[in-house]
Amino acid sequence: MTIRIPFNKPYMTGRELEYISKAHSNGHLSGDGEFTRRCHDWLKEQTGCARTLLTHSCTGALEMSAMLVGVGPGDEVIMPSFTFVSTANAFVLRGAVPVFVDVRPDTLNIDESLIEAAITPRTKAICVVHYAGVSCEMDVIMALARKHGLHVIEDAAQGILSTYRGRPLGAIGTLGALSFHETKNVISGEGGALLINDPALSERAEIIREKGTNRSKFFRGQVDKYTWVDMGSSYLPGEIIAAFLTAQLEQAHEITARRLAIWDRYHEWAAPFESDGLLRRPVVPMECVHNAHMYYLLLPSLSARTKFIESLRDKGIGSVFHYIPLHSAPAGRQFGRTHGNALPITDDLSDRLARLPLWVGLEDVMDEVLDAASSALVAAR
């Protein structure tokens with residue numbers, strides 16, 4: 001069956017090509033031009049962080065974070081297993097060991113009550129993941145980090161314009177990483193950003209991002225030549241990417257509002273099915289403001305999830321599951337370790353989660369999606 005209503009469809013605001021054309025006419029297509037600066041200004045204003053730096057991906061921002069906090073061979077970084085591979089890879093590349101902790105059954109975020117028991121003398125940092133744009137319990141996690149002298153890195157790939165107790169996600173820990181991949185709310189095809197909340201790390205972040213050189217100082221006239229001063233790599237996106245992203249950021253609040261309207265309609269539709277025990281809806285704690293990054297359902301079993309997705313596919317509608325837990329992956333077993341004997345909640349929820357289509361423009365076909373999803377739930381009983 002051809003998928004007529006895809007799980008994701010990238011949204012264009014209408015000014016992307018105009019800004020790309022302007023970047024071309026400016027004659028500056030490498031990184032850190034006019035549009036990169038505009039993105040930096042927008043992100044800093046929205047998050048209140050000390051410094052923002054666009055990167056070629058959220059993966060790149062996480063890799064920079066690992067270098068900035070000094071993660072090295074033998075160090076341990078506590079994180080959830082229910083996340084994308086980049087969360088772990090960023091630290092494995094520095095020789096560190098991911099220590100996987102179970103998630104909460106309500107938000108699917110790392111269970112803050114399990115973190116302290118996972119801390120050892122080798123622990124260097126806690127990397128939290130704000131799943132579906134819903135914040136982890138950051139007050140508890142930050143208090144633990146202060147108590148044990150640890151860094152907190154926020155994988156806020158899904159969290160742009162989400163907040164925790166009024167604070168933007170990515171701007172609470174030592175460092176934060178955002179994603180602008182085409183599957184996210186605000187996009188540039190590929191792309192990301194590093195949010196620096198500790199001003200002491202700002203200069204070194206700039207150097208790491210510029211291949212370990214003080215090139216940015218040279219262009220500001222602070223040194224008469226630039227040279228290799230630290231480790232680093234090429235983490236800058238080009239101006240074409242930044243121009244596209246500028247058009248998206250200008251409408252980020254409008255995009256989020258439209259996504260929230262779709263999310264709310266899903267949530268209202270799913271309520272009676274939850275009452276009948278056919279599914280569980282997402283949970284958003286009162287202290288969290290989310291950005292409608294995704295709408296997922298937790299079905300009663302793996303077989304019910306499989307039947308649900310297949311039923312929607314038969315009707316031409318894209319629905320997908322999500323992460324295969326990292327602790328059960330071949331590389332997860334090789335490079336990481338699980339805290340405790342098992343991660344039962346992670347294993348259970350990952351088997352039962354199905355994501356529904358959510359993209360700007362879906363409003364026009366929502367009735368068809370909801371009718372099909374209702375039939376699929378009955379078929380999955």
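Student: Let's start with strand S1, residues 51-55: is it enclosed or open?

Tutor: Keep in mind that this is a predicted model. A residue counts as buried when its relative accessible area is under 20%. In strand S1, 4 of the 5 residues are buried, so the rest of the structure leaves the strand largely enclosed.

Student: Which strand does S1 pair with, and which residue of that strand stands opposite leucine 54?

Tutor: Strand S9, residues 192-196, is joined to S1 by 5 bridges, and the two run antiparallel. Within S9, the residue opposite leucine 54 is alanine 193.

Student: Where do S1 and strand S12 stand in their sheet?

Tutor: The open sheet has 8 strands with mixed pairing, in the order S1-S9-S8-S5-S4-S2-S3-S12. S1 and S12 (337-338) each have a single partner strand, so one side of each has no neighbour in the sheet. Both of them stand at the edges.

Student: In S12, which residue is the bridge partner of phenylalanine 100?

Tutor: Strand S3, residues 97-101, runs parallel to S12, and 2 bridges join them. Phenylalanine 100 has a bridge partner in S12, and that partner is threonine 338.

Student: Moving along that sheet, how many bridges join S4 to S5?

Tutor: Strand S5 (residues 151-155) is mostly covered, with 4 of its 5 residues buried. Alanine 125 stands opposite histidine 151 in S5. S4 and S5 run parallel, and the number of bridges joining them is 5.

Student: Which strands are at the edges of the open sheet of 3 strands?

Tutor: The order of that sheet is S7-S6-S10, and its pairing is antiparallel. An edge strand here pairs on one side only. That description fits strand S7 (167-168) and strand S10 (288-289).

Student: And which residue in S10 stands opposite tyrosine 164?

Tutor: Strand S6 (residues 163-164) pairs with S10 in the antiparallel sense, over 2 bridges. Across from tyrosine 164, in S10, is cysteine 288.

Student: Now the helices! How far does helix H2 reach from its first C-alpha to its last?

Tutor: Helix H2 covers residues 34-47, which makes 14 residues. At 1.5 Å a residue, the expected reach is 20 Å. The model comes close to that, with a reach of 20 Å.

Student: What arc do the buried residues of H2 cover around the axis?

Tutor: The buried residues are Phe35, Thr36, Cys39, His40, Trp42, Leu43 and Thr47. Their directions put them on the same side of H2, because they cover an arc of only 165°.

Student: Which exposed residues does the other face of H2 carry?

Tutor: Exposed means a relative accessible area over 50%. On the face of H2 turned away from the buried side, the exposed residues are Asp41 and Glu45.

Student: Within what arc do the buried residues of H11 fall?

Tutor: Helix H11 (residues 302-314) has 13 residues, which should span 18 Å at 1.5 Å a residue, and its end C-alpha atoms agree at 18 Å apart. Its buried residues are Ala304, Arg305, Phe308, Ile309, Ser311 and Leu312. Seen down the axis, they line one face of the helix, because they fall within an arc of 160°.

Student: Alanine 132 is not a glycine, so what phi does it take, and is it buried or exposed?

Tutor: Alanine 132 is in the loop between strand S4 (123-129) and helix H6 (138-148). Its relative accessible area is 6%, so it counts as buried. Its phi is positive, at about 60°.

Student: What about aspartate 32: how accessible is it?

Tutor: Aspartate 32 sits in the loop between helix H1 (16-26) and H2. Although it is not a glycine, it has a positive phi of about 60°. Aspartate 32 counts as partly exposed, with a relative accessibility of 24%.

Student: Which residues form the nonpolar patch on the surface?

Tutor: One member is phenylalanine 218, which lies in helix H8 (residues 215-219). With 31% relative accessibility, phenylalanine 218 counts as partly exposed. The patch has about 310 Å² of accessible area together, and its residues are Phe218, Phe219 and Tyr226.

Student: Finally, what distance separates the C-alpha atoms of aspartate 264 and arginine 122?

Tutor: Aspartate 264 belongs to helix H10 (residues 252-275) and is partly exposed, at 44% relative accessibility. Along the chain, aspartate 264 and arginine 122 are 142 residues apart. Their C-alpha atoms are separated by 43 Å.

Conventions:
Residues numbered from 1 in each chain as written. Predicted model: local features only at pLDDT ≥ 70, side-chain atom pairs only at ≥ 80, totals over all residues. Heavy atoms only, no water. Buried < 20%, exposed > 50% of the residue type's maximum accessible area, 1.4 Å probe, protein only. Pairing = 2+ DSSP bridges. Patch = residues over 30% accessible without salt bridge, like charges linked within 9 Å, V, L, I, M, F, W, Y side chains within 5 Å. Areas by Shrake-Rupley, 256 points an atom, 1.4 Å probe, with all protein chains shown as cover. Salt bridge = Lys/Arg side-chain N within 4 Å of Asp/Glu carboxyl O. Expected span 1.5 Å × (residues − 1). Arc of directions from axis to C-beta.
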